[in-house]
Amino acid sequence: MVRSSGMLGEDGIHVDMNHLKTGEVNMAITFCDGVILGADSRTTTGAYIANRVTDKLTQVHDTIWCCRSGSAADTQAVADIVSYHLGLYGVMHEEGPTTQTAAGLFQELCYDNKDRLSAGMIIAGYDQRNGGNVYSIPLGGSLHKQPYAIGGSGSTYIYGYCDSYWKEGMSEEEGIGFVKGALREAIKWDGSSGGVIRLVVLTNKGAVRHLYLPDQGYKGPGKGA
Amino acid sequence: MFRNNYDNDAVTFSPQGRIFQVEYASEAVKQGSVVVGIASKTHTVLVALKRNAEELSSYQKKIIGIDEHFGLALAGLASDARVLSNFMKRQALASKMTYGRPIPIERIVERIGDRAQTSTQVYTKRPYGVGLLVAGVDETGPHLFEFQPSGMTQEMVACAIGARSQMARTYLERHLDKFADSSRDELIKHGLLALKESLSQDKELTVDNASLGVTGVAKDGKRKIETFKLYDGPEIGPLLEAALETSEAAPAAEGGESMEVDT
Amino acid sequence: MTSIGTGYDLQNSVFSPDGRNFQVEYAVKAVENGGTCIGIRCKNGIILATEKIITSKLLRPGANRRIATVDRNIGVVSAGLVPDGRHFVSRARDEASSWRSTYKAPIPVKALAGRLGSYVQAYTLYSSVRPFGITAIVGGWDTDAETKVDGQVGIGPAVGSGGKVDGAKKGGPGLYMIEPSGLYWGYYGAATGKGRQAAKAELEKLDLSSGTLELEAGVMEAARIIYVAHEDSKDKDFELEMSWVSSVDGPTKGRHEQVPSSLLEEAERRAKKAMEGEDEETGSGEGEKMEE
């Protein structure tokens, strides 16, 4: 979720872009066929919801995506740079980049510029050789390979939920249920999380988007929406 | 010697794949006075013949200590050697600071080799006109390396470069199998005798024109290093005496053999 | 040489009227006088071998290695101007380490060959430099095992990553040869240097493209081929130097290493024996001729 914490500048008009934070809830998990990424859709400037249907899942290569949290400007810039490198890698080499390649690039950028960035990233991707993988890069720029990762301000409220309900090697249906359930809890308790739930499922078949609306009790419209 | 179209610079290959400028630089080494190096299992020694421009002038420095554990002997353009030895001193010091141990001899020799190679591949530079013998001791024992203007570096058991060095090499080859187990004193003797072979007939080794450097594994303690010791001037006197005495006292066999070589 | 006297061969980067860069061709001449180097791509690894001519009795035996390690899993050997070879190796190491710092993983052999090809090619473009006087063989094994990103913490799910496709392409041996022009190809068996013709002829007999030759058998063949290729310069002594890289579950555990001395000696012993056998055959052949 993009909200402004520093908010308005001295003139009372201009927003300090450095303080536009994506403080929301997002997560990525591994499951039996690949990975699933999920996020809420709320962007706020103070109390105002600037965008209630934001897309916070960012594609950096065919089946390598990321969830961004922290400064919107910083995380977008970092994702753009990685996207460029992966694109180049893809055309320069026969074999496309792996999730590891992407994670390595993200980490290099986040660590080297740690003093100037406010960026927490979750990288999730699928490739035939390594299957689905999830990496988390928290604020300092360290790199963690995890079965699943949660991030954003809303994640505070779902550590317990995830810990109790997490299972390794879930089916797609179970995985979607887990992610959706966790995000619903975060949206319920976190003031800066809300709106729709967006998912991306990454498998051998490619990337498939899902959308779940609050007015349909987060049940639909579902796949491909 | 005749000029050809391919010898103007170091960035032109001849049709045979030769680089004449580099070969000419090697000729500069042969103009320098002879230097000899030998390595045993415990020590390395460098011996050099110094030249003076005229009777009253001083003798050119031929052996340079670089760090506590190694030094070099040069043949060819002394000013090029100074550039390289300054570089080596800096590198040795930097390595000691970073890694807290004396730089391995092979490593430092590779560095100057790489540097020299660059000057054979870029138009704006010229090859170094100097050959070096680098001798020292490190954690893996004593080492002797030869460095050429082409950037070629090779580890040797014994080596001689410079004017008339072929005679010294012949001596070294003939005594090759004795070096490994030689003591410090024996190694020095072999070095001086090899050097003597390369003298022109009207010359002999004196305290003025001979120079010698030794380093090795110290007897006491593990990994202890005997600091590179340069014998120059009066200090070399006793060493010369000891070496030349034995050679004269030694059976005529050696003298006889070297005469054969001369023919 | 038709080029001599026309003036188009005096400077690098200059085309002759028929589209040739003579300086590059002359650089190849420097390679053709160098000690023979070969590389063999086996089923489960690669082998590099070189004939090191002993130019002086005073050289320290066993020292002065010509095969260099560039990254943990990649080796390089080159024929031609030895200092140029060292420059090449130093660049290869820089490339491998720059790849590692960008991607946090070892460079694939193919990518390394590509980068080095570009580097060597750049030395044909300017009159201020000369081409490399070497042909280099780059060989290595791209790991087929699950590898961590350098510096990563954690292992992901204990059950392993889901959705992997069986038989998806994973690592394997890579062998490339880079010429002074910057041109490079992938090889099953590569040979360069003075004895390349004889070595190529022997390599072709091995049916390497079937990918069935075992690494240990390859070591024996490599030693024999170097000995065969040395026949033409029999009067000169030489040292055989060999290195290998196997898969992660092979003898070198995916690393580039010198072939152990026991195996090297065994290979040399067999190579010498094979040569003696050949000598006898040729000896009798001459006898027959004389009878005629």
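Start in chain C: select helix H4 (residues 196-204) and helix H5 (residues 215-230), and you'll see Ala198(C), Ala199(C), Glu202(C) and Leu203(C) of H4(C) meeting Arg224(C), Ile225(C), Val228(C) and Ala229(C) of H5(C). Contact here means heavy atoms within 4.5 Å, and helices (H or I, at least four residues) and strands (E, at least two) are DSSP runs, numbered from the N terminus.

Before moving on, a note on what you're looking at. This is a predicted model, where local features need pLDDT of at least 70 and side-chain atom pairs count only at pLDDT 80 or more, while totals for chains, interfaces and linings use all residues. Residues are numbered from 1 along each chain as its sequence is written, chains are lettered from A and ligands numbered from 1 in the order in which they are written, and side-chain values use heavy atoms, with hydrogens and water left out.

**Still on the helix pair in chain C**

Turn the view until both helices are clear. The axes of H4(C) and H5(C) come within 8 Å and cross at roughly 145°. Axes are lines fitted to C-alpha atoms, for helices over the stretch in contact, and angles run from 0 to 180 degrees between N-to-C directions. The crossing is right-handed, meaning that the near helix is turned clockwise from the far one by less than a right angle.

**Next: strand E6 of chain C**

Select residues 172-178 of chain C. All seven of the seven residues of this strand, E6(C), are buried, so the strand is largely enclosed by the rest of the structure. Buried means under 20% relative accessible area, exposed over 50%, and partly exposed in between (1.4 Å probe, protein chains only).

Now add the neighbours. Strand E5 (residues 134-142) of chain C pairs with E6(C) in the antiparallel sense over seven bridges; two strands pair if DSSP finds at least two bridges between them. Look for Ala136(C) opposite Ile178(C). Strand E7 (residues 184-186) of chain C also pairs with E6(C) in the antiparallel sense, over three bridges, and there Met177(C) has Trp185(C) as its bridge partner. E6(C) and E7(C) make a hairpin with five residues between them, and Gly182(C) in the turn has a positive phi of about 100°.

**Over to chain B: the sheet**

Five strands form an open sheet here, in the order E3-E4-E5-E6-E7, with antiparallel pairing. Strand E3 (63-67) and strand E7 (153-155) of chain B are at the edges with a single partner strand each, so one side of each has no neighbour in the sheet. Neighbouring strands are turned by 25° against each other on average, direction ignored.

Zoom in on strand E5 (residues 130-138) and strand E6 (residues 141-147) of chain B: they run antiparallel, joined by seven bridges. Ala135(B) is opposite Leu144(B) there. Helix H2(B) packs on the sheet, touching E3, strand E4 (70-76), E5 and E6 of chain B, and its direction makes about 20° with that of E3(B).

**A second helix pair**

Keep H2 (residues 78-99) of chain B and add H3 (residues 105-118) of chain B: their axes come within 10 Å and cross at roughly 135°. The contact includes Phe87(B) and Met88(B) of H2(B) and Ile108(B) and Ile112(B) of H3(B).

**Last stop: all the chains**

Zoom out. Of the two pairs of chains that touch, chains B and C share the most contacts. Chain A and chain B do not touch, and their nearest C-alpha atoms are 23 Å apart. Select chain A to finish: its secondary structure comes to four helices and 15 strands, and 54% of its 225 residues count as buried.
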